[in-house]
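Hello,

Please find the structure below, with the sequence alongside. My notes on it follow.

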Amino acid sequence: MSKKFPADQLPVPVISEASNSGDTHLITLAASTITSETDGGYKQTRPRNTRIKETMTYTWTCLTDDQLNIIRNFFKSVGTYDQFDFTDYSLKETHAVRFADDMSCQYYHPMGWSVTLQFEEV
């Protein structure tokens, strides 16, 4: 059985009035391309593989201590090495992902915790 991100225990991260959080939702598509340049200055490209890797970054704001601990405990259980299922909040697509980077969180008094996570397709 695959692990699943505990989104049902957290608020939706896309908050229009978010402050001090930068982008609350960012999707990046990265093509794996091999590029070389000829002596004549022409650029030659070819795909390294046929898959375009998608990375999703989310920022939650105003989290309580309990909500922060839900994310922390899940991060501790999978680290950046174990894959899990994640349903994109905006497009509602389910992806097999892993965390692409360390977990980052900061406390803003009196609003609560701000947490940023980056997910990459496996």
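Thr 116 touches Thr 57, Tyr 58, Thr 59, Asp 102, Met 103 and Ser 104, leaving aside residues up to four places away in sequence. Please keep in mind that this is a predicted model.

Thr 116 sits in strand E6. One of its contacts is polar: the side chain of Thr 116 meets the side chain of Thr 59 at 3.1 Å. Thr 57 is 59 residues away from Thr 116 along the chain, yet their C-alpha atoms are separated by 7.1 Å. Is Thr 116 buried or exposed? Neither label applies, because its relative accessible area is 28%, and Thr 116 is therefore partly exposed; buried would need a value under 20% and exposed one over 50%.

The other item is helix H1, residues 65–78. At 1.5 Å a residue, its 14 residues should span 20 Å, and the end C-alpha atoms are 20 Å apart, which agrees.

Which residues of H1 are buried? They are Gln 67, Leu 68, Ile 71, Phe 74, Phe 75 and Val 78. Viewed down the axis of H1, these buried residues fall within an arc of 130°, so they line one face of the helix. The general background is that an α-helix has 3.6 residues a turn, so residues three or four places apart point the same way. Asp 66 and Lys 76, on the other side of H1, are exposed.

The cover over the buried residues of H1 includes strands E2 (43–63), E3 (84–87), E4 (94–99), E5 (104–108) and E6 (112–121). E6 is also the strand that holds Thr 116. Just after H1, Gly 79 takes a positive phi of about 55°.

Regards

Note on methods
Residues are numbered from 1 along each chain as its sequence is written. This is a predicted model: local features need pLDDT of at least 70, side-chain atom pairs count only at pLDDT 80 or more; totals for chains, interfaces and linings use all residues. Side-chain values use heavy atoms; hydrogens and water are left out. Helices (H or I, at least four residues) and strands (E, at least two) are DSSP runs, numbered from the N terminus. The expected span of a helix is 1.5 Å times one less than its number of residues. Buried means under 20% relative accessible area, exposed over 50%, partly exposed in between (1.4 Å probe, protein chains only). The arc is that of the directions from the helix axis to the C-beta atoms. Contact means heavy atoms within 4.5 Å. A polar contact is a pair of N or O atoms within 3.5 Å; within protein, one must be able to donate a hydrogen and the other to accept it, and residues adjacent in sequence count only if both atoms are side-chain atoms.
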